[in-house]
Amino acid sequence: MSEAYIVGAAMIPMGKHRESSYSGLAIPAVLNALKSAGITPKDVEGVVCGHAFGGMLTGQRIVKEIGIGGVPVTNVDNACSGGATALHLAVKDIAAGRFDVMLVIGVDKLTQFGGGTLPLVAEDPEVQLGMVMPALYAMRARRFMHERGVGPEVLAGVSVKARRHGVNNPYAQFRSEVTEEEVLASRYIAEPLTLMQCCPTGDGAAAIVVVSEAGRKRLGLPAVRVAASILHSGSATAGFRNMLRPEISYHSAHDAYEAAGVGPEDVDVVELHDAFTIAELVYYEALGLCQPGEAAGFLLDGKSTYGGEVVVNPSGGLLSKGHPVGCSGIAQAVELYWQLTGQAGARQVEGARTALAHVTGGGIAGLDHGACTVHLLQAVQ
């Protein structure tokens, strides 16, 4: 069994690229990832492409434009976890010795829908009742405020932090700071969540190069080791579901820590799935960054930002960077690769050695989420 390493990474600025095709979005990220790894398209032995709305053969449509052909290309749709699932599959192939050099792509184009909530499966009974993502997370927010005895200003604090981090990220869709008052004054999307508490829709692409131990030694580049790669699907539960204890994220994080032989106290930097402000608060606890019931204080005491216990979403997260669904898991990996190799510029987390990426995909009746992927990454000495 070989260990897997990330040796190259790139993304494009997230935003509304209405005139771009899926290939047009992805190719710049792919070429720059290959360049950063010091390899050419002919060195790629396998490709995995994560997306949610790209249609048939998205990966093949992309890589054929740069001369990659005759190698296995796998396309992955796992909702918001599509990109991270693509990375998981590449890690498994590297570990099994099938390939030494793999290209992993995450890409999606949400401007094709013209705005509003993302389309979910019409046959789903909860979707038919209006359970779109903003509604689900608004219910979580209501429950959180009720059980924890906090007000909406705590939710707004997540957006304030995200935008502050995003100022230093040239790839973020939003790069200006906001105040708590501005967040709370923005229009309601699903009460108590306001516009600035919901991630923006947009388009984006990211790519990474994953190699085996033999490939890493041959290339001789700065590398990040994939210490753990965990993918779980949700368990169907009829009736009541505990909205503040997402079991799929708890279980995925637990298994990732166990596989890597580390604990949450060892993690220096985290990119987590903050599609809505309440999500970040819930996932602080699910990932073990703080104890159950302590999420609000963890945020308000500055423990999740620079100078605190762990820097959460230095990229600005989905709230600032944007959330082109299938792209997000790979964009997280790109950010963390840069952090662990000292290439994050003004948003660099000083001394970062261990990082965690977490992303979930939902939208199915009876499930907390349909898929959750957690990766633990470590800088190579």
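Select Lys 161 to begin: at 3% relative accessibility this residue counts as buried, where buried means under 20% relative accessible area, exposed over 50% and partly exposed in between, with a 1.4 Å probe and protein chains only. The model is predicted, so local features need pLDDT of at least 70 and side-chain atom pairs count only at pLDDT 80 or more, while totals for chains, interfaces and linings use all residues. Residues are numbered from 1 along each chain as its sequence is written, and side-chain values use heavy atoms, leaving out hydrogens and water.

Next add Glu 280, whose side chain meets that of Lys 161 in a salt bridge (2.9 Å, N to O), a term for a side-chain nitrogen of Lys or Arg within 4 Å of a carboxyl oxygen of Asp or Glu. Glu 280 lies in helix α10 and Lys 161 in helix α6, so the pair ties together parts that are 119 residues apart in sequence; helices here are DSSP runs (H or I, at least four residues), and strands are too (E, at least two), numbered from the N terminus. Glu 280 is buried, with a relative accessible area of 0%.

Then select Arg 148 and Glu 285, which form a salt bridge at 2.7 Å, N to O. Arg 148 is partly exposed, at 24% relative accessible area, whereas Glu 285 is buried, at 4%.

Finally, move to helix α8 (residues 213–219), where Lys 217 and Glu 213 lie four residues apart, about one turn of the helix. Their side chains meet in a salt bridge (3.6 Å, N to O), and Glu 213, Arg 216 and Lys 217 are linked in a network of such bridges.
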